[in-house]
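Grab a coffee and work through these short exercises with the model open beside you. Each task comes with a stepwise solution.

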Amino acid sequence: MGCASSTFSPEEEAQMMQSRTIDKRLQLELDQKRKEASINVLLLGPGESGKSTILKQMKIIYKVGFSHEELQFFRATLIENVFQCVQTVVDAMERLQIPYD
């Protein structure tokens, strides 16, 4: 039971081969349609003009999402930005002699 390898008749082999050929054609057609549907966009602009922000928003809007590595990078960047903002506020409070009440 189940130990012997199953053999197919020549007719079944031909049908399986035909099925594989059809599957390959369908996959090629699907790949071609995806390629035709894709749009390439070139974002140009000076530094800090929002090019990366546009890309991130597109990923969120179209639910592509971010990879684990991208999320870790963004997390580190976000934490760094929070610390810089807090440091700026603390420096300004000291310079303006505002108490930390």
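**Warm-up: the layout**

From the N terminus on, the elements of the protein chain run α-α-α. That makes three helices and zero strands, where helices (H or I, at least four residues) and strands (E, at least two) are DSSP runs numbered from the N terminus. Residues are numbered from 1 along each chain as its sequence is written. This is a predicted model, so to speak with cut-offs: local features need pLDDT of at least 70, side-chain atom pairs count only at pLDDT 80 or more, and totals for chains, interfaces and linings use all residues, while side-chain values use heavy atoms and leave out hydrogens and water.

**Exercise 1.** Compare the radius of gyration of the protein chain with that of a compact globule of 101 residues.

*Solution.*
- Step 1: the globule rule is 2.2 Å times the number of residues to the power 0.38, with the radius taken over C-alpha atoms.
- Step 2: for 101 residues, that puts a compact globule near 13 Å, but the protein chain has 29 Å.
- Step 3: now look at the box; along the principal axes, the C-alpha atoms fill roughly 90 × 45 × 20 Å.
- Step 4: check burial too, as just 1% of the 101 residues count as buried (buried is under 20% relative accessible area, exposed over 50%, partly exposed in between; 1.4 Å probe, protein chains only).

**Exercise 2.** Work out whether the end-to-end distance of helix H3 agrees or disagrees with its expected span.

*Solution.*
- Step 1: the expected span is 1.5 Å times one less than the number of residues.
- Step 2: H3 covers residues 68-95, which is 28 residues, so it should span 40 Å.
- Step 3: the end C-alpha atoms of H3 are 41 Å apart, which agrees.
- Step 4: pick a pair to go with it: Asn81, in H3, sits 12 residues from Glu69 in sequence and 18 Å away in space, C-alpha to C-alpha.
- Step 5: for contrast in setting, take Leu55 in helix H2 (residues 51-61); Leu55 and Leu43 are also separated by 12 residues in sequence, with 8.9 Å between their C-alpha atoms.

**Exercise 3.** Find where Glu48 and Gln97 lie, given their positive phi.

*Solution.*
- Step 1: recall that most residues other than glycine have a negative phi.
- Step 2: Glu48 has phi near 65° and is found in the loop between helix H1 (10-37) and H2.
- Step 3: Gln97, with phi of about 55°, lies in the segment after H3.
- Step 4: add accessibility: Glu48 is exposed at 87%, and Gln97 is exposed at 71%.
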